[in-house]
Amino acid sequence: MNTPLIYDLDLPYLTAQLKMWGEPAYRAKQIWQGLYQNLYASPEQFTSLPKSLREQMAKYLTFSPFEVRTYLDSSDGSTRKTLFELPDGNLIEAVLMRYGDPADNPQITASAANSIGRGAKNRRTLCISTQAGCAMGCVFCATGQMGFQRNLTSGEIVAQVMYYAQILKEKDEAVTNIVFMGMGEPFHNYDNTLAAVDRLNDADGYNFGARRFTISTVGLVPQIRRFADEQRQVNLAISLHAADDKERLAIMPVNKRYKIDEVIEACKYYVEKTHRRVTFEWALINGVNDTPEVARSLAARLRGLLCHVNAIPLNPTAGYTGQATDRERARLFKETLEDAGIPCTIRMRRGIDIQAGCGQLAGSVMDSNE
Ligand code: SAH
Ligand code: SF4
């Protein structure tokens with residue numbers, strides 16, 4: 001039988017567990033700090049605990065929920081993608097992106113990481129998964145092409161962060177931003193995703209600031225409204241990719257359920273509730289959604305909303321014939337949007353040589369297994 005994953009436990013639960021073992025409550029706090037402040041990866045590292053307790057932990061708790069199936073570093077060394085295998089055989093991915101030239105910039109230490117804001121030069125951004133596969137079926141997405149396997153538990157989400165945090169710590173570095181843009185739809189696994197945010201945010205634990213998280217959603221309207229009501233400081237990004245319902249439906253089946261207007265209304269509600277800016281994500285697909293006409297109609301829909309557009313040339317995938325927009329067309333798209341009053345950033349594609357696009361590595365491993 002599988003023993004519980006330690007990252008699935010919150011502090012009250014851990015305290016109750018320790019009590020059952022006849023241990024005082026302060027031991028739970030010690031374990032919590034060992035896990036999330038010292039970033040211990042196994043029971044042996046908890047040297048301030050009695051040996052008998054460490055043995056108990058080793059016997060009755062799981063410390064790593066997955067095995068590293070493979071990892072790839074991009075040729076410029078800026079991006080690492082890790083493919084994890086869960087005990088049930090499912091594969092999930094997490095990608096670390098380094099921004100800023102390490103030669104020019106001091107390293108990000110754990111203590112400095114907390115004071116680093118968005119847009120800072122020297123970032124360590126971690127992109128993590130919330131599900132194995134995805135049920136949303138966006139045609140351009142490698143994860144969507146795989147279909148849905150299952151939700152990840154909150155602990156399996158947290159464990160991806162801890163895995164990289166432990167590696168970075170060896171270099172005296174730390175994660176500065178966490179984005180839920182790996183495999184899966186975070187709002188289709190709402191409770192576990194937000195439980196993971198809470199666990200990582202805990203001031204007595206990993207203490208990762210709410211404003212340094214970004215949740216990216218395909219646009220599930222009830223969940224966007226629920227998220228707005230919770231008035232969290234976490235950033236929200238919406239994958240829009242089209243400014244017309246028919247065109248969106250052709251690439252994103254979710255548009256059958258929630259039309260663009262409904263998504264934008266929910267975003268307005270979010271801005272009213274939180275006074276935070278919404279990001280719209282836009283994969284630039286050559287000749288499909290990258291023309292000046294599309295940019296103008298997008299601007300018309302977004303007018304008056306506190307937002308900006310994050311456009312990124314499409315990462316080509318095996319199951320979709322669309323191609324990436326070139327630099328010149330991307331520049332024109334951005335200029336057209338900005339002339340119409342909507343701020344836009346064109347992002348570089350990172351780690352293209354290591355298939356760092358959403359779901360691409362797991363997809364290629366599965367293909368080669370067939
Ligand atoms: N399910 C969530 C989060 C994971 S996908 C969502 O869809 O928002 C993270 C981002 O990658 C989304 O904006 C998604 O649309 C985008 N994406 C997926 N496949 C892509 C591809 N092949 N090229 C560029 N962006 C892609
Ligand atoms: Fe799922 Fe997001 Fe991929 Fe769409 S883009 S299939 S929602 S992971």
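Just over half of this chain is tucked away: of its 370 residues, 53% count as buried. Keep in mind that we're looking at a predicted model. The chain's secondary structure adds up to 13 helices and twelve strands. Its accessible surface comes to about 16400 Å², and carbon and sulfur atoms account for 50% of that. As for how the chain folds back on itself, take the contacts between residues at least 6 apart in sequence: 70% of them join residues at least 24 apart.

Let's start with the ligand. Ligand 1 has 19 residues around it, and those that come nearest are G184, S216, S239, H241 and N315. Two strands are worth picking out here, β8 (213-217) and β10 (278-284), since each supplies at least two residues of the shell around the ligand. Now for the polar contacts. H241 puts a polar side-chain atom 2.6 Å from an oxygen atom of ligand 1. E281 also approaches an oxygen atom of the ligand, with an N or O atom of its side chain at 3.2 Å. F140 takes part through its backbone: an N or O atom there lies 3.0 Å from a nitrogen atom of ligand 1. How much of the ligand does the protein bury? Taken alone, ligand 1 exposes 520 Å², and the protein buries 91% of that.

Next, have a look at S129, which sits in the loop between β4 (124-127) and β5 (131-133). Is S129 buried or exposed? Its relative accessibility is 0%, so S129 counts as buried, the cut-off being under 20%. The side chain of this serine has polar company on two sides. A polar atom of the S129 side chain lies 2.6 Å from the backbone oxygen of E93, and the side chain also reaches the backbone nitrogen of M183 at 2.9 Å. Leaving out residues up to four places away in sequence, S129 touches I92, E93, L152, I157, Q160, G182 and M183.

Two helix residues show how distant parts of the sequence meet. A165 belongs to helix α6 (residues 154-170). With a relative accessibility of 3%, A165 counts as buried. Which residues does A165 touch, once those up to four places away in sequence are set aside? They are L39, V175 and Y206. L39 is 126 residues from A165 along the chain, yet their C-alpha atoms are separated by 7.3 Å.

Over in helix α10 (residues 260-274) you'll find V271. It has a relative accessible area of 14%, so V271 is buried too. With residues up to four places away in sequence not counted, V271 touches R276, V278, L305 and L306. Pick out L305 from that group: it is 34 residues from V271 in sequence, and the two are 7.8 Å apart in space, C-alpha to C-alpha.

Finally, the rings. A search of the whole structure turns up 15 aromatic pairs. F66, F84, Y163 and Y164 come together as one aromatic cluster. Arginines get in on the act as well. The charged end of R212 sits over the ring of F208, at 3.9 Å from the centre of that ring. R225 lies over the face of Y269, 5.1 Å from the ring centre.

Conventions. Residues numbered from 1 in each chain as written. Chains lettered and ligands numbered in written order. Predicted model: local features only at pLDDT ≥ 70, side-chain atom pairs only at ≥ 80, totals over all residues. Heavy atoms only, no water. Phe/Tyr/Trp six-rings, centres within 6.5 Å; stacked < 30°, edge-to-face > 60°. Lys NZ or Arg CZ within 6 Å of the ring centre and 35° of its normal. Helix = DSSP H or I, 4+ residues; strand = E, 2+ residues; numbered from the N terminus. Buried < 20%, exposed > 50% of the residue type's maximum accessible area, 1.4 Å probe, protein only. Contact = heavy atoms within 4.5 Å. Near = heavy atom within 4 Å. Polar contact = N/O pair within 3.5 Å; in protein donor to acceptor, adjacent residues only side chain to side chain. Areas by Shrake-Rupley, 256 points an atom, 1.4 Å probe, with all protein chains shown as cover.
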